[in-house]
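Please open the structure in your viewer and keep the selection tool at hand. The tour proceeds stop by stop, stating at each one what to select and what is found there.

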Amino acid sequence: MKPVMNACTAQQDLWDQVFAESEHYFGESPSTFAQQTLELFRENGVSSVLETGCGQGRDTLFFAEEGFKVTALDYSAKALDKITARAVSASLTPYVDPRCFDIRTPLPFESESFDACYSHMLFCMELTMAEISCALSELHRVLKPGGLVVYSVRSIFDRHYRAGEHLGENLYEIGKFAVHFFSEENLRGLASGFKIKSIKRVEEGALPRDLFCIVMEKSSTRYAPTFESCAVNVARSDKVPFSRNRSHYHCPGGT
């Protein structure tokens with residue numbers, strides 16, 4: 001079994017290259033998922049949105065055009081360059097705050113800062129279940145009471161599940177990209193502190209990709225790993241934090 005790439009190595013460089021070479025790698029139009037999420041945001045009075053894994057910003061700018069203030073995070077500086085340029089060209093800079101950031105670290109925001117958090121297929125990239133659980137703990141922290149987390153991931157019903165080289169957990173390297181696939185049980189196991197409002201399977205894109213689309217509402221205290229708690233556990237041992245293919249960290253919903 002080939003180990004998953006460490007943070008800030010091959011995958012980050014690969015995405016920088018992809019975004020540098022293609023103006024609209026995922027297309028110019030907003031994703032179907034974003035278009036469906038728009039009505040949900042309107043129905044729930046959402047004003048401020050934290051988007052994680054924004055890529056080149058096709059969904060970011062769509063939400064901004066609809067009047068939402070979007071803080072857009074991605075670890076690819078090349079992607080953020082594209083968002084910044086497009087926001088300036090479209091006179092949307094008051095509504096878009098692009099920031100280069102790796103979601104595998106604590107978020108640089110005060111608690112209860114956002115009405116909603118949105119992510120389209122970020123969690124099905126090079127993230128382990130422990131890292132996803134910690135990231136969701138951070139989203140829980142920065143959400144206002146009753147705030148929404150809306151995200152999508154590749155499902156285990158996707159045609160590429162178990163294709164390519166196995167990297168551990170439900171992660172596979174497919175065409176140089178690390179892809180994480182999820183069962184509904186995985187997703188429910190990650191939902192501590194949230195009320196699951198819906199989990200739906202949809203198909204998107206030309207392949208097509210088989211996705212789970214999840215809507216959750218912040219509802220209570222979250223009992224799940226955090227970056228801080230994992231750092232404390234590592235300090236008490238000789239183990240490397242967030243090393244891939246580790247079995248010693250328990251994570252809700254893990255496989």
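A disulfide is a pair of cysteine sulfur atoms within 2.5 Å. The model on the screen is predicted, and it holds zero disulfides.

**Stop 1: the cysteines**

Select C100 and C54. Why is there no bond from the sulfur of C100? The closest cysteine sulfur, in C54, is 9.2 Å from the sulfur of C100, which is too far for a bond. Next, select C124. This residue is buried, with a relative accessible area of 4%.

**Stop 2: the largest nonpolar core**

In soluble globular proteins, nonpolar side chains tend to be buried together. To see such a group here, select L50, L107, F123, V149, Y151 and V153. These residues have the most contacts inside the largest nonpolar core, which has 33 residues. Then colour β4 (114-120), α5 (129-142), β5 (143-155), β9 (194-204) and β10 (209-218), the elements that give two or more residues to this core. Which element gives the most to the core? It is α5, with six residues.

Apart from this core lies another, of 17 residues. To find it, select F33, L38, V46 and V150, which are among its residues.

Return now to V153 and display what surrounds it. Leaving aside neighbours within four places in sequence, V153 is in contact with F123, C124, F182, L187, D210, L211, F212 and I214.

**Stop 3: R154**

Move to R154, which lies in strand β5. Is R154 buried or exposed? R154 is buried, with a relative accessible area of 8%. Not counting residues up to four places away in sequence, R154 touches M121, C124, H160, V179, H180, F181, F182, R209, D210 and L211. Add H120 to the selection: H120 and R154 are 34 residues apart along the chain, and their C-alpha atoms are separated by 10.0 Å.

**Stop 4: residues with positive phi**

Most residues other than glycine have a negative phi, and most peptide bonds are trans. Two residues can be examined with this in mind.

Select M121, in the loop between β4 and α5. Phi of M121 is near 70°, a positive value in a residue other than glycine. At 7% relative accessibility, M121 counts as buried.

Then select E112, in the loop between β3 (96-100) and β4. E112 is not a glycine, yet has a positive phi of about 55°. Its relative accessibility is 45%, so E112 counts as partly exposed.

**Stop 5: a cavity**

Rolling a probe the size of a water molecule over the atoms shows where empty space is left. The count of cavities of 30 Å³ or more comes to two. The second largest cavity has a volume of about 40 Å³. Select L50, T52, C117, Y118, S119, F123, L139, V149, V150 and Y151 to display its lining. The elements that give two or more residues to this lining are β1 (48-52), β4 and β5. By class, the lining of the second largest cavity has eight nonpolar, two polar and no charged residues.

**Stop 6: a pocket**

Turn to the second largest pocket, with a volume of about 210 Å³. Its lining appears when F33, Q36, T37, L40, V150, K197, S198, K200, V202, C213 and V215 are selected. At least two lining residues are supplied by each of α2 (32-43), β9 and β10. How do the residues of this lining divide by class? There are six nonpolar, three polar and two charged residues.

**Stop 7: helices α1 and α3**

Select V18, in helix α1 (residues 10-21). V18 is buried, with a relative accessible area of 11%. Add A79 to the selection. V18 and A79 are 61 residues apart in sequence, and 9.0 Å apart in space from C-alpha to C-alpha.

For the last selection, show helix α3 (residues 58-65). Seven of the eight residues of α3 are buried, so the helix is largely enclosed by the rest of the structure. The buried residues of α3 are R58, D59, T60, L61, F62, F63 and A64. After α3 comes G67, whose phi is positive, near 95°.

Note on methods:
Residues are numbered from 1 along each chain as its sequence is written. This is a predicted model: local features need pLDDT of at least 70, side-chain atom pairs count only at pLDDT 80 or more; totals for chains, interfaces and linings use all residues. Side-chain values use heavy atoms; hydrogens and water are left out. Buried means under 20% relative accessible area, exposed over 50%, partly exposed in between (1.4 Å probe, protein chains only). A nonpolar core is a set of buried Ala, Val, Leu, Ile, Met, Phe, Trp, Tyr and Cys residues joined through side-chain atoms within 4.5 Å. Helices (H or I, at least four residues) and strands (E, at least two) are DSSP runs, numbered from the N terminus. Contact means heavy atoms within 4.5 Å. On a 1 Å grid over the protein atoms alone, a cavity is a set of points where a 1.4 Å probe fits but cannot get out, and a pocket is an open set with protein on both sides within 12 Å along at least five of seven lines; lining residues have an atom within 4 Å of a point. Grid points are joined across faces, edges and corners, and a volume is the space filled by probe spheres set on the points. Ala, Val, Leu, Ile, Met, Phe, Trp, Tyr, Cys and Pro count as nonpolar, Asp, Glu, Lys and Arg as charged, and the others, Gly among them, as polar.
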